[in-house]
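Could you walk me through this model before I look at it in detail? I have put my notes in numbered points for someone coming to it fresh.

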Amino acid sequence: MEFLQYFSNVFTFGNLIILILGTIGGLLLGAAPGLSPTMAVALLIPFTFKMSPDQGLIMLGAVYTATVAGGAISAILLKIPGAPANIATVMDGYPMARSNRSKEALHYCFISSFVGGIIGIAVLIFFTPLLADFALNFGPSQMFWIAIFGVTVIATLDSNSVIKGLFSGAIGLWLATIGYDSVLGVERFVFNPIFSGGINIIAALVGLFAIPQVLSMLENKHADTDQFKMEKKSLIESFLYNIKRIKALTIGSITGVIIGLIPGAGGQIAGLVSYDQIKKASKNKENFGKGEPDGIIAAESANNAMVGPSLVPLLTLGVPGSPTAAVLLGGLLIHGMFPGPNLFTIYAETTWTFIDSLVVAQFMMLIFGIYISGLAKYVIRTPVNYMAVAITLLAVFGTYSVQHNFADVIVMLGLGIGMFFLGKLGFTASPIVLGLILGPIAETNFSQAKIIADTQNGIFSYLTSGYLNIIIIVLCLISIAYGISSEIRKKK
Amino acid sequence: MIKFNNTISVIFGLVFSSILVFLSFSGNSEAYLFPKIISSSMLLLAILSLIYFFVEKKENLTELNIKKLYPYLISILIFVLLGQNFGFYFLLTVLFVINCFVYSKKRNLRTSIEILITTSIFVPLIYLLFTVMLKVQVPRFYLNFNIF
């Protein structure tokens, strides 16, 4: 019960304020259409740079939790999912709002998100230390393969084309080699002094996620939709009703937990799979799509139940469970914390404080979510031109604040504009970011493995022998095979 | 309107990976081993996408309305070139006002006043957050034209 030991750390004045601000900010950012949790977390990473590691991680965790739930506000009120995780919520949330039950729908959304979130965090608390202990068995060759697995998994699952996904991951890995080689100290691919320090992770995160979104907002402005009145609805009534829908809550939470544990899968899949499952299991199948509360309850409990488990492979192996978790990895690394057993030994206090804060963040999300949803309807109507320019300003100042270096801002803007055009060609940002983050880890371990292998049977033999290496290589191949089969199924 | 299709995507993949292969293999040190492996894998993936392109023969089209983006992209270019000389606050305030106006649905006096009010609230908030609270000293307005 180590997690209880650090619970009081969450309730210090500074941490609590950050948690509240992170939750409220996350709910509002999540509610704004087009601002995905991944982008919100990326945009906030520069702010956490000046904070202590626990405060920084508390902020990012609260934003991650709240944006996933906040995305349901615009899904219900505008028929525009605030995040991909809320796509399934639109199906019954919007019809409920149309029949003047928007407040009821929002109540169900936040209550079920809370239940799912708590179950997800429980899984995170109990599974993470076990997997972290197991990671002690990993040497350079296994760590090299784990880094490759992380890139492969995101590349194949967060992309419409396996080849393009893997190509994007490779772009990230190559970009990570710019600057000085960590083992030999040789300068590589520095064509301009602005690249001499390599590509700053924060500049890359902000640029790759924020700028393409801004360009896309300006290119396709969102159409206006109906505006609904908020009816009066008792919270206790909604709570009791929600608890009665135990089947939807259970299906949603279990699906979310399982999908969260699968590296790379993410909230969108969790929401859609649980919606499909509850529809199949329900006696009122014909009501789905017309405003069936079970649809919202299952989808929202699933996408929040996914948050905790998506951090299990991230904190133990450095393999993110979702694209947002991939960005969160950048947040860990800027504070000098690398995923693995060290998080639960050297950095135990920070890690457990972060995990404990996620529990409190669920309560905050429930309380503020219900009361903020009324206010959020104004935020979600912020004109696109204001939103786009404001995001650009935050991205510029945020990136500059990290190293006080104008070159980082140029890199951020350049990567962002480049990513926008790459997106048009079908490439995705998440694998590039993960390649950039995991690249140095992969290369350092590869170099160490090569030094060891040179005294043995050579690098190929060293990297492919031993049961752990073989298991991870097989997992890489499975993720590629799964990506290919999903691509074929989509085309059919 | 620019149209993107699979052909452009495949050509991009081949050209980009070939450049990276050339750059990686032009380094002689052992430090270039990892980039060599990565760029070779990229070239292999680009060749696979070329084969796939001929097998599938299906064009997925996406469009880009570049004209809509010109004001924003030009603003970014101006900022990159002059940001350090004209200062972040001055230049970004000007660009904020111009972009908000250019991208607004209605361009009339009322919109202009709304934009000016929003700017006069938002920019001081940014100043408060970054310069006062986070103690970030961004380039200020001064005119020594030493770009980079």
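The points below go from overall confidence to the interface, then to salt bridges and individual residues.

1. Please keep in mind that this is a predicted model. Its scores are ipTM 0.91 and pTM 0.80. For chain B the mean pLDDT is 86, with 93% of the residues at 70 or more. One stretch of chain B, residues 144-148, has pLDDT below 50, and in the model this stretch makes eight contacts beyond near neighbours in sequence. Where pLDDT is low, the predicted coordinates should not be read in detail.

2. Now to where the two chains meet. Chain A brings 57 residues to the contact and chain B brings 65 residues. About 5,600 Å² is buried between chain A and chain B, and carbon and sulfur atoms give 80% of that area. Of the area that chain A buries against chain B, 14% comes from A:Tyr386, A:Phe397 and A:Phe406, more than from any other three residues.

3. How many residue pairs are in polar contact across the interface of chain A and chain B? There are 14 such pairs, with both residues at pLDDT 80 or more. Several elements of chain A give two or more residues to the side that touches chain B, among them helix H9 (162-175), strand E2 (187-188), helix H19 (384-403) and helix H21 (429-454). The largest share of that side, twelve residues, comes from H19(A).

4. Between chain A and chain B there is one salt bridge. It pairs the side chains of A:Lys450 and B:Glu30 at 3.5 Å, N to O. A:Lys450 lies in helix H21 of chain A, while B:Glu30 sits in the loop between helix H1 (6-25) and helix H2 (33-56) of chain B, so the pair joins two chains. Are these partners buried or exposed? A:Lys450 is buried at 17% relative accessibility, whereas B:Glu30 is exposed at 52%.

5. A:Lys450 has a second partner worth a look: its side chain also meets that of A:Asp454 in a salt bridge of 3.4 Å, N to O. These two residues are separated by about one helical turn because they are four residues apart in helix H21 of chain A.

6. Over all chains the count is nine salt bridges. Another of them joins the side chains of A:Lys280 and A:Asp276 at 3.0 Å, N to O. This pair, too, is four residues apart in a helix, H13 (residues 267-281) of chain A, and so about one helical turn separates the two. A:Lys280 is exposed, with a relative accessible area of 53%, and A:Asp276 is partly exposed at 33%.

7. Two buried residues of chain A make good stops on a tour. A:Thr316 belongs to helix H16 (residues 312-317) and has 1% relative accessibility. Its side chain reaches the backbone oxygen of A:Val312 at 2.6 Å. The C-alpha atoms of A:Thr316 and A:Gly340 are separated by 4.3 Å, although the residues are 24 apart along the chain. A:Asn304, in helix H14 (residues 293-305), has a relative accessible area of 0% and touches residues including A:Thr65, A:Ser113, A:Gln362 and A:Met365.

8. Finally, the cysteines. The count of disulfides over all chains is zero. Among the cysteines, A:Cys476 is buried with a relative accessible area of 7%, and B:Cys100 is buried at 0%.

Note on methods
Residues numbered from 1 in each chain as written. Chains lettered and ligands numbered in written order. Heavy atoms only, no water. Disulfide = S-S within 2.5 Å. Buried < 20%, exposed > 50% of the residue type's maximum accessible area, 1.4 Å probe, protein only. pLDDT = per-residue confidence, 0-100. Contact = heavy atoms within 4.5 Å. Buried area = accessible area lost by both parts, 1.4 Å probe. Salt bridge = Lys/Arg side-chain N within 4 Å of Asp/Glu carboxyl O. Polar contact = N/O pair within 3.5 Å; in protein donor to acceptor, adjacent residues only side chain to side chain. Lists of a residue's contacts leave out its neighbours within four places in sequence.
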